[in-house]
Amino acid sequence: MTFPPSPTPARVRRWAGAAALLAGTLALAACASDDPVPASGDAKEPTKKPAASTSQEPTQDPTSPAEPSETSDPSGAVVPVYYVGDGPGGKPVLFREFHKVTGDPLTEAAKLVTAGTPDDPDYRTLWPQVDLSVGYGSDGVLTVEVPSDAFTERPDGMTERGAELAVQQLVYTLQGVQQERAPVQITRSGGDARIFGLSSDAPFEQASPLRTLSLVNITSPAEGDTVTGDTLKVTGVANSFEASGPCRLIVGDREVAIEGYQSEGWMDDKLYPFEVELPLADAGTGDVLVQCETDDPTGGTEGDGPAVDTKLIHVG
């Protein structure tokens, strides 16, 4: 395996901006969590106080429909939501977050796609705000009703790739909530059957994970988590050369820890779970960036470089 060197300044600029934003909100976020995770009891396992979106450990493989986690609140559920972020070379790809919702999980997850705010400021949605009505038919097809004449054409600045990725945001999210790869039929009351310029005459299927998803996606810790202890367990999914890659802890512009992860597989058209423990001894207290990457066998000499995902956390 060939791990790339510590991140370039371009990769850590995001930390500086996010740290400033997080500084004013950490205290509120720590108090606002509906379902804090209890301490492990193991002295070596960090105590985590995640945001409400990660109140339980979710299913690890976003290429298969994700099973929403059970919560102690019978009126709520934790659902996967897919947002857009930048992959190698700036190419947009999908990343997954988990959010707690009340009400119908399909409809609420769709609302988060079109009008929700990602926890991670690196992510965004390609959907303009619109109310979608979602149902699941006896024929095994997920049906999404769009208000008449809404977004038949691509908005200004949206490419065809962007239009396809916007549709896949919805497909991956609804299939994850439903826990099956059900086709998604988008309908509208008007006569124009397009969405963002794409024909919706036939149901949309899930596109290839390796062409659609980020090849590395951190599941935990979540953005804004507070952790304590001697080590930090990082979990996620990836499809990396030889099933390996580095996870780093970065404080400011200093790399204070690096460990290699080994995922459960690679090459096939899916992402595989991984976990790795990072020592917190040199992290101090305060804001720390967790960064996981795919392995780059060329050492940066070819291609656009590794896929990267980051989470800004607080070490207490």
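Is C292 buried or exposed? In this predicted model, C292 has a relative accessibility of 0%, so it counts as buried. The cut-off for that label is under 20% relative accessible area. Its partner in the bond described next, C247, also comes out at 0% relative accessibility and is likewise buried.

C247 and C292 pair up as a disulfide, with 2.1 Å between their sulfur atoms. Just one disulfide turns up in the structure. As for where the two ends sit, C247 belongs to strand β12 (residues 244-251) and C292 to strand β15 (residues 286-293), so the bond ties together parts that lie 45 residues apart in sequence. The torsion about the S-S bond is about 110°, which makes this a right-handed disulfide.

Turning to the helices, the axes of α3 (residues 105-115) and α4 come within 10 Å and cross at roughly 150°. Angles over 145 degrees count as roughly antiparallel, so that is the label for α3 and α4. The crossing of α3 past α4 is right-handed. On the α3 side, the contact is made by P105, L106, A109, A110 and V113, while α4 brings in Q169, L170, T173, L174, V177 and Q178. Sorted by class, that makes eight nonpolar residues and three polar ones, with no charged residues in the contact of α3 with α4.

Helix α4 spans residues 160-178, and Q168 is found there too. With a relative accessible area of 8%, Q168 falls under the 20% cut-off and is therefore buried. What does Q168 touch, leaving aside its neighbours within four places in sequence? The contacts are L94, E205, Q206, A207 and T212.

The last stop is F196, which sits in the loop between β7 (194-195) and β8 (198-199). Though it is part of a loop, F196 has 0% relative accessibility and so counts as buried. Once residues up to four places away in sequence are set aside, F196 is in contact with W127 and P128, with F151, T152, E153, R154, P155 and M158, and with A163, A166 and V167. R154, one of these partners, is 42 residues from F196 in sequence, yet the two C-alpha atoms are 4.1 Å apart in space.

Methods: Residues are numbered from 1 along each chain as its sequence is written. This is a predicted model: local features need pLDDT of at least 70, side-chain atom pairs count only at pLDDT 80 or more; totals for chains, interfaces and linings use all residues. Side-chain values use heavy atoms; hydrogens and water are left out. Helices (H or I, at least four residues) and strands (E, at least two) are DSSP runs, numbered from the N terminus. Buried means under 20% relative accessible area, exposed over 50%, partly exposed in between (1.4 Å probe, protein chains only). Contact means heavy atoms within 4.5 Å. A disulfide is a pair of cysteine sulfur atoms within 2.5 Å. Axes are lines fitted to C-alpha atoms, for helices over the stretch in contact, and angles run from 0 to 180 degrees between N-to-C directions. Angles under 35 degrees count as roughly parallel, over 145 as roughly antiparallel, 65 to 115 as roughly perpendicular and the rest as oblique. A crossing is left-handed if the near helix is turned anticlockwise from the far one by less than a right angle, and right-handed if clockwise. Ala, Val, Leu, Ile, Met, Phe, Trp, Tyr, Cys and Pro count as nonpolar, Asp, Glu, Lys and Arg as charged, and the others, Gly among them, as polar.
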